[in-house]
Every structure is written in C-alpha cells, then in structure tokens.
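Here are my notes on this one, jotted down while going through it. Have a look at the entry first, then read on.

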Amino acid sequence: MAGAEGDDSLYPIAVLIDELRNEDVQLRLNSIKKLSTIALALGVERTRTELLPFLTDTIYDEDEVLLALAEQLGSFTVLVGGPEFVHCLLPPLESLATVEETVVRDKAVESLRKISQEHSPVDLEVHFVPLVKRLASGDWFTSRTSACGLFGVCYPRVSIMTHTFESTLITAVMHFRTLCSDDTPMVRRAASSKLGEFAKVLELDYVKSDIIPLFTALASDEQDSVRLLAVEAGVSIAALLPQEDLEDLVMPTLRQAAEDKSWRVRYMVADKFSELQKAVGPEITKNDLVPAFQNLLKDCEAEVRTAAANKVKVFCESLPEDSRETIIMTHILPCVKELVSDTNQHVKSALASVIMGLSTILGKDNTVEHLLPLFLVQLKDEYPEVRLNIISNLDCVNEVIGIRQLSQSLLPAIVELAEDAKWRVRLAIIEYMPLLAGQLGVEFFDEKLNSLCMAWLIDHVYAIREAATCNLMKLVEKFGAEWAQNTIVPKVLGMANDSNYLHRMTTLFCINALSEVCGQEITTKHMLPVVLKMSTDQVANVRFNVARCLQKIGPVLDSSALQAEVKPVLEKLATDQDMDVKYFALEAISGMYLFNLPTYIFSETFSFSSILFFFFSFSLSP
Amino acid sequence: MSSGCLFVLRGFLCLIIKDGNLSLFLRLLVPCSSPYEIYLFFNLVCDPADVISTVEFNQTGEFLATGDKGGRVVIFQREPQGEYNVYSTFQSHEPEFDYLKSLEIEEKINKIRWLPPHNPAHFLLSTNDKTVKLWKVSEKDKRAEGYNLRDEEGRLKDLSTITTLQVPVLRPMDLLVEASPRRVFANAHAYHINSISVNSDCETYLSADDLRINLWHLNITDRSFNIVDLKPENMEDLSEVITVAEFHPHHCHLLAFSSSTGTTRLCDMRARALCDQHAKLFEEAVDPSRRSFFSEIVSSVSDVKFSHSGRYLLTRDYLTVKVWDLNMENKPVETYQVHDYLQTKLCSLYESDCIFDKFECTWNGTDSVIMTGAYNNYFRMFDRASLRDVTLEASREVCKRRAVLQPRRVCVGKKRKETDVSVDSLDFRKKILHTAWHPKENIIAIAASNNLYIFQDRLTPNGHHNMPEIQSAPPK
C-alpha cells in the first residue's frame, strides 16, 4: 500500500478525532480523555488554530464530556506551545465557565486558576484580566458566579511593577462589589463563598476598607442561603485581621450570625466553630465564644444542637490552658448534661461520639465525678447509635480511669446491642469487639463476651456470620494461638457436625480465616482432619467449600500432609457428580500445583461450571 | 348586574386555539386586517391522553408550557408578531408500574414549573404522581463537519488517501430545538405529588404530596429533606391532606401550603428544620348555622398562589376565590363568588364527583385582576379595584377569528336576556381547571379539556411590551 507508513501512524489519531463527535457518549468521552494525544499528533500550531476553536464551540455536549474537557484543558499548556501561548486556552475554558452544570463550571474555574499561574504578568493583564471582567459582567448568572472564583488568583500576580496594578486592583474590588450585590442569589452566594479567599490576596488596608463592608452586607442579606455562606468568609477574614481590629470590624457581625433568626445560619456558625475559635484568639473566645457556644448547645433547633455537640471536644481542647478547666466545669458541662437527655437522637449520638474525649482534658477525678454518670446514662440510651458511639470511643476513658469503672454497665449494653433486632446494629458492635477485647483483657472477655462471639457464628444473617469469622481472626491476633486452641477452635470444629449445612459451612469459613493466625501445628493437627471429613458431606455446597478451604489453607500446611492427605481428597472431589464441586476441586488442585492435569479436563469443565457457580453463589447467601 | 356595565375583559381577543394532538392539525391562516392571526389546530379524534393537565408561562412570558395526560410537554414560543407557536414537544413521563405496591403510575403531568433563566437554554421541572424531572430545552444551530475516515455521506474512505489529519469544523445548520432530561428526582413520595415550586434562592424546590412536603436541591437527586409531615401514627386518625404548596416569590424561607380542611398555613423554614409547626394559619371561621354535609368538601383549597408582590395569598375553594393579606390570618381581605348558583346543586355535583374538581386560580402581572375557571367552559375574572367581574367562555364555537369574547351570564330561574344561560343547562363535563396569565402583559392561556386557548387584550399594542391599564368598557 502506498504511503502505508504514514497511514499506520495517522489511523489511530484519525479514529480519535472522528470519535470526538461519535453518537456514543462513552466513545466521545474516551476521545476527550485522550485529547493530549490528539494535540500532540496535530502539533502546537494546528492545536491552537484548529482544535481549540472547534472545542470552544462544542459546549452542547453531555456534562461528563464537558467535565473531562474542562479538566484536560487545565494541563494543556505544553501542548499549545508553552506559557507563551497559554492564553489560547482561555476561550474554550471561558465558554465552559458559563454552562449551567455546576460541576463543569467549577472544573473550568479550577483549570483557569491553574493556567493563570502559567501566564506571564503581561499576559495576565492583556488576556486573563479582561476575561475575568467579561465573566463578571456576563448576562447570565452562570458566568458571573464563575467570575467570583477567579479574582483571588489573577490579581496578586499582576506585576506590582506595572503602573496599572493600582487601577486593576481597584476595578477588581469594584467588580467584586457589584457581584456581592447582584440581583440573583446564586451570584451573591458565589461571591459570599469566595469573599474570604479574595480577602486573603488583598493588602490589609483594602480588607479593612473594602472587604469588611461587603462582608457585613452579605452577612445581613435578605436570603439566609447567602448569609450562611458569609459565616465562613467571616472566619477567613477574622484570621487576617490583627487582634485589635477584630472587636470592631468582625465580631458584631459574627455575634449577630450566632443569633440569626434562621437556624441554617446558626448551624453554619456551630459547624465552623473551631475554625472561628482559632481565628479570633483566646481573649475573644473567653468573652464571646463561650456564651455563644452555650447558646448553640441549647438551641431550639436539633440540627444546630447536633452540629454544636459535635464540636464539644475540639472546642474544649482549644480553650486557653489557664482557664480551661474552670470554663468547662462552669459553662460547658452543665449544657452537656442537658444534652445527654436530649429529645433528639441525632443530638445524643453526636454528643456520644465526642463526650469520651473530655475525660483526657478533665483528668481522673473530674471524669469519675462528673463524666462517668453521663457515660452510664448514654450507655443505657434507647437508641443503639448512642450506645455504639460510646462503646466505640472506650479507649479514651481507658487511658484516664481504666475501663473497670464502666464494665458493670458496659456488659449489659454490649449484650443488648449484640442481640439487637437490626442486623446492622449487630454488625456494628461486632466491629468493635477486637477493640473491646483489647481494653477489657482476656479474662473478662472469656468470662463475658466469648459466648456472644460464638453465638454470632450461627446468626441467621450471612453478613453477621461473615463478620463474626473475621472477628475471631482479629481476636486470635490479639490473644494468641494458644488461647485460640483452648477456647475457639473446639467450638468452631464442633459445628462441623451441626445438622444445619449453613453452620457446617461456617466452620469452613472460620478455618479459612483462622488457619494462618493459628499456625501450622493447630491447622494440621486439629483443623485439617475435620475439613477432610467434611468432604463426604451430602450437601454439595459444603463439599465444594471443602475444596475451596483446602486451597486456602494449603500454604499453611506442610508438603507431606498435602501429598498424603489433601491430594487424595481433592482427587476424589474432582470426580464428584456435582459440577461445582468438580470445578472447585480442580481449581484447588491447579492452585496448589499438586500435579499437572491433562488440559482437556479443564476445557471441559471450566466454562460450564463457572456459569453454574454464579447461580450457586446466589443460593448461598440467605 | 346588567351586561352594560361589564368591562374590558370581554375585550380579550381570541388569538390561538390549539388542540392537544399536534400530529393532526390543519393550519388555517386567516388574512384579515387584524394585526393578529388566528391558528386553528383541528383535532379529529379527542384522545383522552391529549387532555391538558397543566399550563404555565415562564418568567418572561416568552414561553408557555403545557403538560397533558399523555405525559407530553408542549412548549410554545411567542413570535415577534405576538402569536404563540409550537417551539418544542417532548415526552416527559412514561407510564410505569410500581411492582412493590402493584400500582400503575400514570404518566399525566401534574405540574410544570419554569426555572429562572440560567443561560440561553430554558429549564423546567415537570412532575407526574411520583417523579419530578428537570428538563433542558436548548437550541442548536451548528453542526460539526469533516471526518477523517468517512466522507460526507458516511462512506468509509480508502485508507490510502488519508495523508493528513483533519480537525472537524462547525458549520451553521437549521435551528434544532432539543429537550434533554437533566435530572430525575424519584423515590421520595409515597403519595401522589400535587405541587412543585421553585424557591427564590434558585437552588432548591419543594415537591408536595398528600401528606408530606419534601425539599430538594436542584443539583442533588439522591436525597431530599422532609420539611412537612402530616402523616399520623395511625392512618385512621387522618383528618386532612395537603392540597397545594408554594414558595413565597421573594423570601426564600417562606412557604405556604393548604389543606383539604380549607386552611392555608404559612411556614417559616428559618425557625426549624421540620416545619410541622406553622408560623401562620389562614382560616375563615364558618358560620355554624350554614354548616352542612358539604361544608368541608367545598372549603377544601384547590389552589394557592402568592401575589407577584408577595404581600397576598390567593386561594381557591370550590365556590369562591379569596385574597388573604399575609398580615391578617382570621379572614380574607376579599372574597369573590365564582359560581354561587351551584350552592343548591351540591348534592348532584357530589354524586357526579364534580365537587372534587380542583380549579386553579391566577393573578395578573400587576396583581390587580384574578382569574379562575368554572364549568361549561366558562372562566371568571375579578377586578380587585372596581370589584367588577366577568364570565367568559372558551369554546371552539365562540372563538372565531378576530372574535371579541362576549360576557356570559348564568341565571337562576327565568332568563332575562336571550344570551343568558340557565343553571340547569350548564355542562359540568366541560370545565376549565387550568389557567395561566402572562407575567407582564394581558395575555391569558386557558386549558379546556384538550384545547388550549390563548387570548390577548385587544388594546395591547402589537409586540409592545408594556402593561396597558385595564379599562372599563363604555356604558351602553
């Protein structure tokens, strides 16, 4: 073929280019993701003059394609000829920054921010700044919202040497001010959420003279959806200002936000409380934030109380050390006590997830006197989530007062959770078992909890049985093989004679999990005989799980046992009448490299059985 | 009231008559001196799927959307000359089957709401009983040309002829209007959705069913927040259902919802996350001496609309429309009788189920006139300032070209004039449930069964977008 060499190299690229507008979205997406390959093949010149103009106009596409495109263009600088030509990427990104889909716009803004770093100061002024201005004064709110995210990156890099810097900055502030008072709440929200970032790049004088009025205006916007975003901006601005200005410039507004009529705004204050605390420093924290936090903990809206309850530990931790204990004991603890018997379960569960952390801050005596009663109340709470959260954080208390203090109440709580009617609750408590075992010690465990762990093995929900086997493995890791041999292994192996085949299979699953941690001796001496015996079970599911189990424990066994005991059994299973037993036996044999099989056996059984296996794996899970 | 003092609103000129079925239409262009043209879309067979179930203008009034029982949405665009033409038609919902409950889910569009303009495309929410969908209606006028491996007819090129790579270029093409589903908000309602309303914060909307109101974010389809829940622990204690819910036009935290007991509640979402406790309750005490078996049924609120100013609430019950001032809860500031003459007919209306008809109501652009539908293809308008009212008819027979609608009068007992219609001869199968008023001009859209009528005030200058004063007709 003439020119074959040229064709061969062009063909894949030609396919990629053609698929840029294939009817199938997936193909278009693949093609867009390989845009760099296309650009590389076209060369920088054609990428700039042909590919980019085409991409600029293809904003009709599906969101996922546009998203991929916006992302690609962020790292396209080299492909258009380096920083010198990086401004060529602005038109397609500009049109992507105006589409209705928020994720696409955000990605386009992200890419624009990225490539703004690659512009020279002059290019930034000539190409990038006008783009931001165009977006900021666009007809549609979509472009104006995108503009909000760009002020912060482009202005610090316009060279301070150029005489236009001052005027550029002033126009930037002016544009941002216009956006802050935009007609549509969407733009005001975008401005509100980017205000803090914009403030960071400005000189302190500008922050004081221009940003503060904007912040005050946004924080008293008529729409609470705007006001709530101003809270975060307030936190960022507070971090920028010197201590002496905070009281006059930011605090009145923030105080007002903490008492806003709308619970969503108060929620936001509660949610950002630790950041706020950091930003305003210890003095204001003592005088202003402590009462504000008390109010949030007592708020009439449960959502706000939940958010505040989540912050209790962090807030207390970051209190100034000299007065920490007094503040907690006199101001915070009374509120916490009320929350323990809150009417809302989410509030209680949020509190339960952090309350244990207070014990390290307050020390042993206070914990025993004040916190312990609260823990005990929560351990008896009607909602399982509250009890679970307490149990999951036991380690904090253990360090301070030891777990013995709690064990009296702990046990009934654990037992109740372990027998909860909801299997997800049972699953959650199983996951904490290894932690509890570590805290409580082997003696207590054997006495009280061991029977629970064994009971889960015969739970009627598969997920619980599965988690229970995994739990046994973790316990053995903690307590050692000898403990396993004495307490767990006999019980597990005893189940091999159960009349329910599901329980017999649980034995196999346990052996799968335990063989490695128990080591070669226990596995060969105690487990293997049981497994081998089960190969004659009348239920096929058990038999093929024997094959799988043998494959699994094979590496733990020594080679003489493999050859003498395992091999004959597997060979026998390989001739089983059941398709699946045969399949897994053969798989185990080949997996263990016991011997080379004639290949025809494989080709005969493989395809058919694997289909059946799918069928069976459904029937396995109850 | 003598017909002589009737006003203006009869000056509405018949502009367009449209039948539901767009596939079978005959376009009749009438050359006349009128600046308006009349289009008649004849429907040969009346298919139940064509019955219009909702009508809604967008924020500028340039577009009008209708939804029908067949799950279709038809969008009309106003031409520069003033008339509305079909812009796009698409199938919004399909019939479905809920296998868990063994229930059929109808495709009927219950409500359509336009989103405020984002960009050159238009966005609207449409809902059936269970699922809300967000649609994007956009225009496409460019097409990519130039394939590497195929020629323009789509045939594969000989590979040996390919020596350079070709980048596609975009060329202009005929305008193509596409409707694409952007979001599907499903699985959040156990009962039938009766209303949707977009919040003024432009990022959330509500959907209300018989017992619950959910709040959605427009970008998030996999979760919604329940803000009102009227479901009692025991369904036997059920005493009321939600009939309509709507957001305040300016305050993003206010919403109103009405119930089957005739009350309308205003909720403040700032106060708490769950709005079961209302901020205000609008309810008029019923005179105990006038209570009857039907009192509760006829007091059930079938529609609630905030005025454009946000100051008033308009509610429609079976016999009246009421205007409430948000600052006065104990009684409405205005009450208008829609068809008082039906008072004596309630018994037969109950038997025919007509008493459960849900009539909608609407404000004009300046909140000075109220419109609502009635039976016999009649619709009623009330001028709030002059307290005058008019009954007009939207039917194929009277909506002739250039026709000026004549007021109708329903009389109880003996006819006083030739044109009077007696109560007994009203056709209760012909009802106007859905009406809409252009947000700025005196253009109204009336859905009567499978016909859509668009009337325009004849005093409106052609293509001129200002709001003419509503004038009284000269006394005869």
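The points below cover the contact between the two chains and then one residue of chain B.

1. First, a reminder that we're looking at a predicted model, so please read the contacts with that in mind.

2. On the overall extent of the interface: 43 residues of chain A touch 42 residues of chain B. Together the two chains bury about 3,800 Å², and carbon and sulfur atoms give 55% of that area. On the chain A side, R21(A), Y60(A) and E100(A) stand out, supplying 19% of the area that chain A buries against chain B, more than any other three residues.

3. Now the polar side of things. There are six salt bridges between chain A and chain B. E100(A) turns up again here, paired with R182(B) in a salt bridge whose closest N and O atoms are 3.0 Å apart. Counting polar contacts between the chains gives 19 residue pairs, with both residues at pLDDT 80 or more.

4. Which elements of chain A supply at least two residues each to the side that touches chain B? They are α1 (4–19), α3 (35–57), α8 (141–148), α11 (185–201), α13 (224–240) and α16 (263–271). The largest share, eight residues, comes from α1(A). By type, this side of chain A splits into 20 nonpolar, 16 charged and seven polar residues.

5. Last, a look at D389(B), which sits in strand β28 (residues 389–393) of chain B. Is D389(B) buried or exposed? It counts as buried because its relative accessible area is 14%, under the 20% cut-off. The side chain of D389(B) has a partner in chain B: a polar contact with the side chain of R380(B), at 2.8 Å.

Terms used: Residues are numbered from 1 along each chain as its sequence is written. Chains are lettered from A and ligands numbered from 1 in the order in which they are written. This is a predicted model: local features need pLDDT of at least 70, side-chain atom pairs count only at pLDDT 80 or more; totals for chains, interfaces and linings use all residues. Side-chain values use heavy atoms; hydrogens and water are left out. Contact means heavy atoms within 4.5 Å. Buried area is the accessible area (1.4 Å probe) that two parts lose on being put together, summed over both. A salt bridge is a side-chain nitrogen of Lys or Arg within 4 Å of a carboxyl oxygen of Asp or Glu. A polar contact is a pair of N or O atoms within 3.5 Å; within protein, one must be able to donate a hydrogen and the other to accept it, and residues adjacent in sequence count only if both atoms are side-chain atoms. Helices (H or I, at least four residues) and strands (E, at least two) are DSSP runs, numbered from the N terminus. Ala, Val, Leu, Ile, Met, Phe, Trp, Tyr, Cys and Pro count as nonpolar, Asp, Glu, Lys and Arg as charged, and the others, Gly among them, as polar. Buried means under 20% relative accessible area, exposed over 50%, partly exposed in between (1.4 Å probe, protein chains only).
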